[in-house]
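Colleague: Got a minute to walk me through this one? I'd like to go over the helices, the sheet and the holes.

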Amino acid sequence: MVPAEAEAEILAELRRLRARVPQLSGALAGSSDGLVLAQDSAATEVEAVAALTAAALGVAQRLSDSTGQGGFRELLVRGEHGYVATYAAGDAAVLTLIAEPRVNVGRLHLEARRSSLRIAELIDHTLGRRGPETPVPQA
């Protein structure tokens, strides 16, 4: 979905995020339809995680819409052995993180929100989209 250059930049962002939040055991950027864009994880089943993220995203979007909460922003799942957190990265992608149980959830949210914005910018730039603050050039 993204060229190798954009994939490298997304991977660099995932690595910076993991450096800022050392309790992360994995980071994955995926398309909203379940394809892996870039990953920094020891997990061998990243394709399965990306597909499950897409399924969870669909349910979360419907839940958010049907309860009047607006568009999807993030989803946090707490399991016995840690957290799985998913953040919208623009309209075309999501950021999914796997964190240890001792992670500071506030810090996780803060850093992940920053990274998801950066990933959205990279993908939008790759796809030739312009953000709302980017003026359209006049001919």
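**Helix packing, sheet and cavities**

Modeller: Sure, let's take two helices to begin with: Ala6, Glu9, Ile10, Glu13, Leu14, Leu17 and Arg20 in α1 meet Arg107, Glu111, Ala112, Ser115, Arg118, Ile119, Leu122, Ile123 and Thr126 in α3. Contact here means heavy atoms within 4.5 Å. Helices (H or I, at least four residues) and strands (E, at least two) are DSSP runs, numbered from the N terminus.

Colleague: How do the residues of that contact divide by class?

Modeller: Eight nonpolar, two polar and six charged for α1 with α3. Ala, Val, Leu, Ile, Met, Phe, Trp, Tyr, Cys and Pro count as nonpolar, Asp, Glu, Lys and Arg as charged, and the others, Gly among them, as polar.

Colleague: Before we go on, what sort of model is this?

Modeller: A predicted model: local features need pLDDT of at least 70, side-chain atom pairs count only at pLDDT 80 or more, and totals for chains, interfaces and linings use all residues. Residues are numbered from 1 along each chain as its sequence is written, and side-chain values use heavy atoms, with hydrogens and water left out.

Colleague: Back to the helices. At what angle do the axes of α1 and α3 cross?

Modeller: Roughly 170 degrees, and the axes of α1 (residues 4-20) and α3 come within 10 Å. That makes α1 roughly antiparallel to α3, since angles over 145 degrees count that way, under 35 as roughly parallel, 65 to 115 as roughly perpendicular and the rest as oblique. Axes are lines fitted to C-alpha atoms, for helices over the stretch in contact, and angles run from 0 to 180 degrees between N-to-C directions.

Colleague: OK, the sheet. What's the order of the strands?

Modeller: β2-β1-β5-β4-β3, an open sheet of five strands with antiparallel pairing. Two strands pair if DSSP finds at least two bridges between them. At the edges sit β2 (36-41) and β3 (74-79), each pairing on one side only. On average, neighbouring strands are turned by 10 degrees against each other, direction ignored.

Colleague: And which strands does α3 touch?

Modeller: Helix α3 (residues 105-127) packs on the sheet and touches β1, β2, β3, β4 (82-89) and β5 (93-99). Its direction makes about 35 degrees with that of β4.

Colleague: How many bridges do β3 and β4 share?

Modeller: Six, in the antiparallel sense. Gly79 stands opposite Gly82 in β4, and a hairpin joins β3 to β4 through two residues. Over at the other edge, β1 (residues 24-31) pairs with β2 over five bridges, also antiparallel, with Ala27 opposite Asp40 in β2.

Colleague: Switching topic: how big is the largest pocket?

Modeller: About 300 Å³. A pocket is an open set of points on a 1 Å grid over the protein atoms alone, with protein on both sides within 12 Å along at least five of seven lines; a cavity is a set where a 1.4 Å probe fits but cannot get out, and lining residues have an atom within 4 Å of a point. Grid points are joined across faces, edges and corners, and a volume is the space filled by probe spheres set on the points.

Colleague: Which residues are closest to the centre of that pocket?

Modeller: Phe72, Arg73, Ala88, Ala89 and Gly90, out of 17 that line the pocket. α3 gives the most to this lining, with four residues.

Colleague: And how many cavities of 30 Å³ or more?

Modeller: Two. About 60 Å³ of space lies in the largest, whose lining includes Gly26, Ala27, Leu28 and Thr96. β1 gives the most there, with three residues.

Colleague: What about the second largest cavity?

Modeller: That one has a volume of about 50 Å³. Among the residues lining the second largest cavity are Leu28, Ala50, Leu57 and Thr96. By class, its lining has six nonpolar, six polar and no charged residues.
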